[in-house]
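Here are my notes on the model you sent. They cover helix packing and then pockets.

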Amino acid sequence: SVSNKVDPIAHVSQAFREHLLRYALSSIVLPTSSDENSSGNESARDALHFLHMLNECASTSRDSINMSSSAAAAVSDDEVAKWWVAVGMVAVHWLKGEDEAAERFYSTVESVPKSLWNAEDPVANSRNPLAKAILRAYLAKKRIVKGDLTPDSLEDCLQLCWKSGAHLAESINLGSSLHHSGVSRLHQLAQLLCCDWLLGTRKDIWEFSQKSNPNQSVDPVELRSFQSDLDSLQKLTHNVPAA
């Protein structure tokens with residue numbers, strides 16, 4: 001939110017940063033080109049362009065992006081915007097297979113600003129757990145990306161996916177209470193990114209398990225969790241058909 005509510009420039013600055021973040025997330029989760037290869041390259045370039053611009057704005061502004069429609073989201077150095085920049089950078093570099101480049105942003109993603117961790121939805125009168133969902137989906141996917149595929153690690157990944165999926169479903173259900181269309185769109189795009197990470201990680205775990213033990217049957221609990229994440233994706237596609 002805007003720290004100085006009587007300053008019109010602060011409101012314009014906040015709106016511009018939200019605009020940049022929407023375009024960055026859209027480029028990541030909603031590629032538009034009909035050609036798959038050019039789509040990936042162009043979308044990644046676009047996302048990086050918007051994220052770099054957002055990072056510059058975050059470094060010069062004292063008003064944070066309003067991802068929760070709450071004054072609690074305001075922090076003096078806009079660490080909220082910088083956190084979203086890091087999330088976006090990790091997503092782009094993972095898509096491009098640039099794991100070492102993604103690692104530069106890991107520490108920032110893992111340090112979620114308190115204002116996001118405890119973000120309040122004033123209409124629903126409850127906390128929106130979107131940041132929790134994204135963090136845990138990220139932590140699970142990071143283990144797969146790093147090749148940490150021991151049985152204990154895979155079990156930890158599944159637990160992270162379960163927690164993330166529960167937070168994601170709760171965040172989506174709270175979405176209908178958001179009365180500001182711009183904020184709602186940011187939530188939906190971030191939820192899509194989280195859903196993509198979750199479903200991709202679950203698929204990777206299942207494929208690895210099948211390779212190591214082809215006769216192993218699917219755990220009914222994990223199957224229900226996977227279906228729950230698919231249900232979340234289906235709900236999101238009602239508002240974001242391109243997903």
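1. Helix 7 and helix 8 cross with a left-handed sense. This is a predicted model, so please read every point below in that light. The two axes come within 8 Å, and the crossing angle is roughly 155 degrees. Helix 7 therefore runs roughly antiparallel to helix 8, since angles over 145 degrees count as such.

2. Which residues make this contact between helix 7 and helix 8? From helix 7 come Leu 130, Lys 132, Ala 133, Arg 136, Ala 137, Leu 139, Ala 140, Arg 143 and Ile 144. On the helix 8 side they meet Ser 153, Leu 154, Asp 156, Cys 157, Leu 160, Cys 161, Lys 163, Ser 164, His 167, Leu 168 and Ser 171. Sorted by class, the contact of helix 7 with helix 8 holds 11 nonpolar, 4 polar and 5 charged residues.

3. Helix 8 also packs on helix 10. Here the axes are 10 Å apart and the angle is about 30 degrees. Helix 8 and helix 10 are therefore roughly parallel. Their crossing is left-handed.

4. The helix 8 residues in that second contact are Leu 158, Trp 162, Gly 165, Leu 168, Ala 169, Ile 172 and Asn 173. Their partners in helix 10 are Glu 222, Ser 225, Asp 229, Ser 232, Lys 235 and Leu 236. The classes are 6 nonpolar, 4 polar and 3 charged residues for the contact of helix 8 with helix 10. Leu 168 deserves a look: it meets helix 7 and also takes part in the contact with helix 10.

5. Helix 7 has a contact with helix 3 as well. The axes of helix 3 and helix 7 lie 12 Å apart, at an angle of about 35 degrees. This crossing, too, is left-handed. Helix 3 brings Trp 83, Trp 84, Val 87, Val 90 and Trp 94. Helix 7 brings Leu 130, Ala 131, Ile 134, Tyr 138, Lys 141, Lys 142 and Val 145. By class, the contact of helix 3 with helix 7 has 10 nonpolar and 2 charged residues, with no polar ones. Leu 130 appears here and in the contact with helix 8.

6. Now the largest pocket. About 600 Å³ of space lies in it. Its lining counts 20 residues, and those nearest the centre are Ile 28, Val 29, Leu 95, Asp 196 and Trp 197. The lining of the largest pocket splits into 16 nonpolar, 1 polar and 3 charged residues.

7. Where does the lining of the largest pocket come from? Helix 1 (8–29), helix 3 (79–95), helix 7 (130–145) and helix 9 (181–212) each give at least two residues. Helix 9 gives the most, with 7 residues.

8. The second largest pocket holds about 510 Å³ of space. Its lining has 17 residues, with Leu 158, Ile 205, Trp 206, Ser 209 and Glu 222 closest to the centre. Helix 8 (151–174), helix 9 and helix 10 (220–239) each supply at least two lining residues. The largest share, 6 residues, is from helix 9. The classes in this lining are 8 nonpolar, 4 polar and 5 charged.

9. One link between packing and pockets is worth checking on screen. Leu 158 and Glu 222 belong to the contact of helix 8 with helix 10. Both are also among the residues closest to the centre of the second largest pocket.

Definitions and conventions: Residues are numbered from 1 along each chain as its sequence is written. This is a predicted model: local features need pLDDT of at least 70, side-chain atom pairs count only at pLDDT 80 or more; totals for chains, interfaces and linings use all residues. Side-chain values use heavy atoms; hydrogens and water are left out. On a 1 Å grid over the protein atoms alone, a cavity is a set of points where a 1.4 Å probe fits but cannot get out, and a pocket is an open set with protein on both sides within 12 Å along at least five of seven lines; lining residues have an atom within 4 Å of a point. Grid points are joined across faces, edges and corners, and a volume is the space filled by probe spheres set on the points. Helices (H or I, at least four residues) and strands (E, at least two) are DSSP runs, numbered from the N terminus. Ala, Val, Leu, Ile, Met, Phe, Trp, Tyr, Cys and Pro count as nonpolar, Asp, Glu, Lys and Arg as charged, and the others, Gly among them, as polar. Axes are lines fitted to C-alpha atoms, for helices over the stretch in contact, and angles run from 0 to 180 degrees between N-to-C directions. Angles under 35 degrees count as roughly parallel, over 145 as roughly antiparallel, 65 to 115 as roughly perpendicular and the rest as oblique. A crossing is left-handed if the near helix is turned anticlockwise from the far one by less than a right angle, and right-handed if clockwise. Contact means heavy atoms within 4.5 Å.
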